[in-house]
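Grab a pencil and work through a few exercises on charged side chains. Each task comes with a solution you can follow step by step.

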Amino acid sequence: MFMAYWAFVSQSGLWLLAAEVTYGSLIYSSCMSLMALIRLYQISVREAKCHSVTINVMATQTGLSMYLPTEPPEKFYYSLGKLALLPDIISPPKMETPTENNVLATVETQAIMETPTFVETPTFVETPPNKRRKKKSAVWEHFYIENMGDGSRRACCKICKQSFAYSNGSKVAGTSHLKRHIAKGTCPVVLRNQERDPLSPYSAPSKMGGTDPPKRRYRTPSSSTYYGFDPDRCRHEIAQMIIMHDYPLHMVEHPGFIAFAKNLQPRFDMVSFNTIQGDCVATYLREKQSLQKVIEAIPGRLCLTLDLWTSRQSMGYVFLTGHFIDQDWKLHRKILNVVMEPYPESDSAFGHAVSACLSDWNMDGRLFSLSLNQPLSEAGLENLRALLSIKNPLMLSGQLLVGNCLARTLSSIAQEALTVAHETVNKIRDAVKHVKTSESNEERFLELKQQLQVPSTKSLALDNRKQWNTTYEMLVAASELKEVFSCLDTSDPDYEEPPSMEVWKQVETLCVYLKLLFDTATILTAPVIQTTNLFFHEAWKIQLELSRGISSEDPFISNLTKPMQEKFDKYWKDSCLVLAIAVVMDPRFKMKLVEFSFTKIYGDDAANYVKIVDEGIHELFLEYVSLPLPLTPTYMDVANGMNIGPEDANGGTFLSNDELGLTDFDMFIMESASQQSRSELDQYLEESLLPRVHEFDVLGWWKLNKTKYPTLSKMARDILTIPVCTIGGDSVFDTARKEMDNYRCSLRPETLEALLCAKDWLKCEPVETSKSLVKVEFPI
């Protein structure tokens, strides 16, 4: 056993370690800071024989690392003499680069056997460390350390040579201010490089002028990249943020937002209201140009829906949304215009909005159908048809031109049902309100539900009268928990007059008919765009059930369904032909589903209605056959006004058809093509039905068969585009019209249109069509 002394230097100062050591083990150790002591006195060691033992010690993050000799030393006899002052020449050596490792030092201990020998000064031998901890911050790719004369160290930028404080003695400043120097573009050299190429990140140049392999990093898989400051890019992002999230344009002048932006980038000059308004309009124009190219390239026609919003200023705002199928047979829905109408109740309001849209997007002759969210007067309908007939060919004498919104129809019918049964609904609403407005009442209700072991998983919630689906869901939940409500008065003395069994019976009947409307409306809320063929089955099922309800002997059912059937019958008469033709374009059903459903609805008169659909679809097909064929490039040049001389390139003279006597031949070719094309529809209808698989993409099927049915596929593409709903999925269950808020009404009409249209265009749209199976439940 022997006593060993080691001295080592760290960033916190000079330290002394005294340890009692045996071979291969450390028995006792103590560590003292020499910088904390005022005096250090001489140490003497006595030993029987003289030996020189060197022990290396290095302090690391995991502890003390020691190296002992391969042979055990002789026994030491040691004694401590008086302490002497340590000379001032002992000081930490200067380091070229910052490191947290301690500098290794060795102490050579002289052991003397008999006479005590006083060692005046311990000998320190400085050796380089075996391994230094690598700098892990990416900022050291752009800075290096420079030692100053006063003992401090500064970090110098490799590019602009500016220096920044790094450490002063044992205090280290960190690297955050160094990162800001590069990342925020305050380095003048980096700024100049970014002005030349603003989209390329800055990277530090190689020291040798060549391309060095990337250095390995231990914390981040790749080195950080720094982008220069671009004020135009920042303005563009602010404009998109305002558009996407409906933020007010005045937010750029709010003190809180200005302070926030200044803290992010002090060099950014905050824009004014007028400037950001111009940036938003510029974003709208840029997106409009891209959408214009898409619309010009669509091979078919376009359908429009009109949704009228009101305002407190009695102004109307018409949202015109375009529905079209692109070249890849994908269905799209885009808001094209938002037109302010000073007199929204006038007969010419919708006509003015449609005319402005057709002119703005250059869609003359390409409009196929028009759907409205509210009924028009006869004068309004005639005014609209007369306007459109000037520049658009009317298919089926205009029967496909104007249609009604299915979502508005369903909401109107649901309101009628709730109005008829308002006493029953109010009793259930009061019972639910008693439970939900008190925590103690709700706890008693849940305890009673557990005692009665009611299996329902529904939770009670009060309805929102502005959305009829919440009232339906409240009635369904209460109906499943009627046993708990019936017994609640036994455990809750404040609960009086629970609904009677007759009331619960009426609730169940009301829920049956509301469910028909709810299931159909839920399809309209799907995130994907639905094709028209999906709604024929939903519509005829509602028509059938309401017709049966009127003839019911139960007075409550007959009184409930009569006003519902009157409203839906009007929609059915106006939209039946469109929906029937659309389902015929579905190869899983064709005319068979029309024949089956009409038999259920009309009975003996079904054949007459089936004949109307059959004649309508054949007449429409003939109109597609008679459409002019696409012009070849030569004839397109003639149509565009280019002068083509009577001589060909070789000096020959072209002969007209009249001179060749081929005019009758051209008529013969057209008639032959007409007869051949006319058989496409009959061939399609005569083929067997496709199996009703769980997932079926009707547009994808027509895309694959457009070569087999060239004319019929064009007709199917336009028919399946016709929208049945004029409003968004979030407004399907609304019982009132949308109302424009006061802030938007205060904007210029051009700015309002730019904000609303650009938001619709910038958001991601699921372009794939629905592949869900059409439910075919044949009621008997």
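**Exercise 1.** Work out whether Arg429 and Asp463 are buried or exposed, and what links them.

*Solution.* Start with the surroundings: in this predicted model, Arg429 and Asp463 are both buried. Next, check the charged atoms: the two residues form a salt bridge, with the closest N and O atoms 2.9 Å apart. Finally, place the partners: Arg429 belongs to helix 9 (residues 422-436), while Asp463 sits in the loop between helix 10 (439-452) and helix 11 (468-480). That puts them 34 residues apart, so the pair links distant parts of the chain.

**Exercise 2.** Find which parts of the chain the pair Asp492 and Arg444 ties together, and classify each residue by accessibility.

*Solution.* First the contact: Asp492 and Arg444 make a salt bridge, closest N and O atoms 3.6 Å apart. Asp492 lies in the loop between helix 12 (482-491) and helix 13 (501-524) and Arg444 in helix 10, so the bridge ties together parts 48 residues apart in sequence. Now the accessibility: Asp492 has a relative accessible area of 0%, so call it buried. Arg444 comes in at 26%, so it counts as partly exposed.

**Exercise 3.** Decide how Lys763 and Asp760 should be classed by relative accessibility.

*Solution.* Their side chains meet in a salt bridge, 3.6 Å from N to O. The cut-off for buried is under 20%. Asp760, at 13%, is therefore buried, whereas Lys763, at 44%, is partly exposed.

**Exercise 4.** Say how many salt bridges the structure holds, and which residues join into one network.

*Solution.* The count is 22. Asp246, Asp741, Arg744 and Lys759 are joined into one network by salt bridges that share partners.

Conventions: Residues are numbered from 1 along each chain as its sequence is written. This is a predicted model: local features need pLDDT of at least 70, side-chain atom pairs count only at pLDDT 80 or more; totals for chains, interfaces and linings use all residues. Side-chain values use heavy atoms; hydrogens and water are left out. A salt bridge is a side-chain nitrogen of Lys or Arg within 4 Å of a carboxyl oxygen of Asp or Glu. Helices (H or I, at least four residues) and strands (E, at least two) are DSSP runs, numbered from the N terminus. Buried means under 20% relative accessible area, exposed over 50%, partly exposed in between (1.4 Å probe, protein chains only).
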